[in-house]
Amino acid sequence: MSENGYEKETRHLRFEVAPGQTTPVRIDRYLADMVQNATRSKVQQAISEGRVLVNGKPTKASYLVQPDDLIEAEILKHKVPELAPEPIPIDIIFEDDDFLIINKPSHMVVHPAFGNWTGTLVNALLHHTGQLSGANDPAVRPGIVHRIDKGTSGLLVVAKHDTAHQLLAKQFAKHTIERSYQAIVWGQPPDEGTFDSLMGRHPRDRKLMAVLTDGRGKQAITHFKVLERFDHLSLIEARLETGRTHQIRVHLADAGFPLLADAVYGGAAVRYGSNTGFRKDLFLKLFKELGRQCLHAKTLGFLHPSTGEPVHFESPLPADFEHALEQLRTYCS
């Protein structure tokens with residue numbers, strides 16, 4: 001049974017608001033941000049039906065959550081569509097009986113989720129080969145050992161069976177995977193350096209990630225070096241030691257060097273230098289042409305799950321990234 005695409009079964013949830021939650025936020029927005037795949041309208045419906053309690057009492061959607069509040073909620077589950085193979089072209093760099101290496105284009109979502117049930121890399125992979133780890137379990141993401149953001153291009157490893165998936169996942173967990181990215185960032189970072197911080201959900205916007213200074217979050221380590229400098233921008237290489245959500249984007253933005261065209265973390269505006277005349281027009285055009293953060297997963301290396309031998313893969317910069325570099329070399333040298 002379902003209701004408007006939602007299953008009758010509910011999720012029984014319990015949240016203790018952090019002591020540091022000092023910014024006023026309505027409870028309907030708080031729960032919509034905290035609960036995966038929950039819409040604000042469904043949260044408001046649950047509140048109006050008395051299925052949300054604050055400190056044991058029914059509440060209103062306009063209630064502003066307070067530090068140390070205990071929130072108990074029953075939210076209708078979203079009906080998850082069955083994964084379907086789709087004949088979407090994919091760029092396969094390497095394939096054997098254990099895994100595939102995919103060169104993902106920017107703007108392609110890796111796995112189906114709320115708002116993107118079709119047209120994803122997983123749908124394309126199921127059409128290419130049904131032999132993916134966890135392919136028969138709708139609760140998992142078939143074959144996906146790790147992911148990169150929708151707007152990020154570059155290399156991904158996809159496991160074909162559960163044993164390969166487990167062995168690859170262990171390498172990611174132990175931070176022994178070799179991963180390097182290239183990015184164009186605003187500003188002039190040091191020639192090289194390391195970001196080492198705690199990272200977690202932004203305290204005021206749960207859809208974003210942030211560097212945290214209150215002891216919460218998980219350790220995030222990014223090593224970087226500058227490859228080329230331009231007028232008020234730089235081409236950098238970033239190597240991940242950990243793999244937190246949006247890690248490179250957040251670390252660079254927090255340090256004052258947001259990625260070029262990253263609308264989420266402040267890079268889709270002229271951050272340094274003149275913002276008038278030809279220069280303004282140049283960057284407005286670049287932002288539109290890129291339509292995504294200028295970040296590319298360039299190299300990937302690990303131990304082969306069957307042979308134990310090291311394997312290494314590289315991906316050339318995509319056309320939009322190369323075009324941005326050409327523009328900077330021509331007009332911002």
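Strand β8 (residues 153–159) runs parallel to β14, and 2 bridges join the two. That pairing is a handy way into this predicted model, since β14 turns up again and again below. The protein chain has 7 helices and 15 strands, and buried residues make up 47% of its 333 residues. Of the contacts between residues at least 6 apart in sequence, 66% join residues at least 24 apart.

**Strand β14 and its partners**

- Strand β14 covers residues 295–303, and 8 of its 9 residues are buried, so the rest of the structure largely encloses it.
- On the β8 side, Gly154 has Ala297 of β14 as its bridge partner.
- Strand β9 also pairs with β14, this time in the antiparallel sense, over 6 bridges.
- Ala297 shows up here too: it is the β14 bridge partner of Tyr181.
- Strand β15 (residues 310–314) is another antiparallel partner of β14, with 5 bridges between them.
- In that pairing, Phe302 stands opposite Val311 in β15.
- β14 and β15 make a hairpin with 6 residues between them. In its turn you'll find Gly308, which has a positive phi of about 75 degrees.

**Helix α5**

- Helix α5 spans residues 247–254, and 6 of its 8 residues are buried, so it is another element largely enclosed by the rest of the structure.
- Those buried residues are Gln247, Ile248, Arg249, Val250, His251 and Leu252.
- What do they pack against? The buried residues of α5 pack against β9, β10, β11 (209–212), β12 (218–229), β13 (233–240) and β14.
- After α5 comes Gly256, with a positive phi near 95 degrees.

**Pro189 and its surroundings**

- Pro189 sits in the loop between β9 (178–186) and β10 (192–201).
- Is this loop residue buried or exposed? Pro189 has a relative accessible area of 3%, and the cut-off for buried is under 20%, so Pro189 counts as buried.
- Skipping its neighbours within four places in sequence, Pro189 touches Phe224, Val226, Arg229, Ser234, Ile236 and Phe257.
- Gly256, the residue that follows α5, is 67 residues away from Pro189 along the chain, yet their C-alpha atoms are separated by 8.7 Å.

**The second largest pocket**

- This pocket has a volume of about 760 Å³.
- The elements that give two or more residues to its lining are α4 (162–173), β9, β10, β11 and α5.
- Its lining takes in 33 residues, and those nearest the centre are Arg147, Gly243, Arg244, Thr245 and His246.
- Sorted by class, the lining holds 12 nonpolar, 11 polar and 10 charged residues.

**Two histidines with positive phi**

- His107 has a positive phi of about 75 degrees, even though it is not a glycine.
- You'll find His107 in the loop between β7 (99–104) and α3 (121–128).
- With a relative accessible area of 41%, His107 is partly exposed.
- His232 also has a positive phi of about 75 degrees without being a glycine.
- His232 belongs to the loop between β12 and β13.
- The relative accessibility of His232 is 31%, so it counts as partly exposed.

**Cysteines and disulfides**

- A disulfide is a covalent bond between the sulfur atoms of two cysteines.
- How many disulfides does this model have? The count comes to 0.
- Cys294 is buried, with 0% relative accessibility.
- Cys332 counts as buried as well, at 1% relative accessibility.

Terms used:
Residues are numbered from 1 along each chain as its sequence is written. This is a predicted model: local features need pLDDT of at least 70, side-chain atom pairs count only at pLDDT 80 or more; totals for chains, interfaces and linings use all residues. Side-chain values use heavy atoms; hydrogens and water are left out. Helices (H or I, at least four residues) and strands (E, at least two) are DSSP runs, numbered from the N terminus. Buried means under 20% relative accessible area, exposed over 50%, partly exposed in between (1.4 Å probe, protein chains only). Contact means heavy atoms within 4.5 Å. Two strands pair if DSSP finds at least two bridges between them. A disulfide is a pair of cysteine sulfur atoms within 2.5 Å. On a 1 Å grid over the protein atoms alone, a cavity is a set of points where a 1.4 Å probe fits but cannot get out, and a pocket is an open set with protein on both sides within 12 Å along at least five of seven lines; lining residues have an atom within 4 Å of a point. Grid points are joined across faces, edges and corners, and a volume is the space filled by probe spheres set on the points. Ala, Val, Leu, Ile, Met, Phe, Trp, Tyr, Cys and Pro count as nonpolar, Asp, Glu, Lys and Arg as charged, and the others, Gly among them, as polar.
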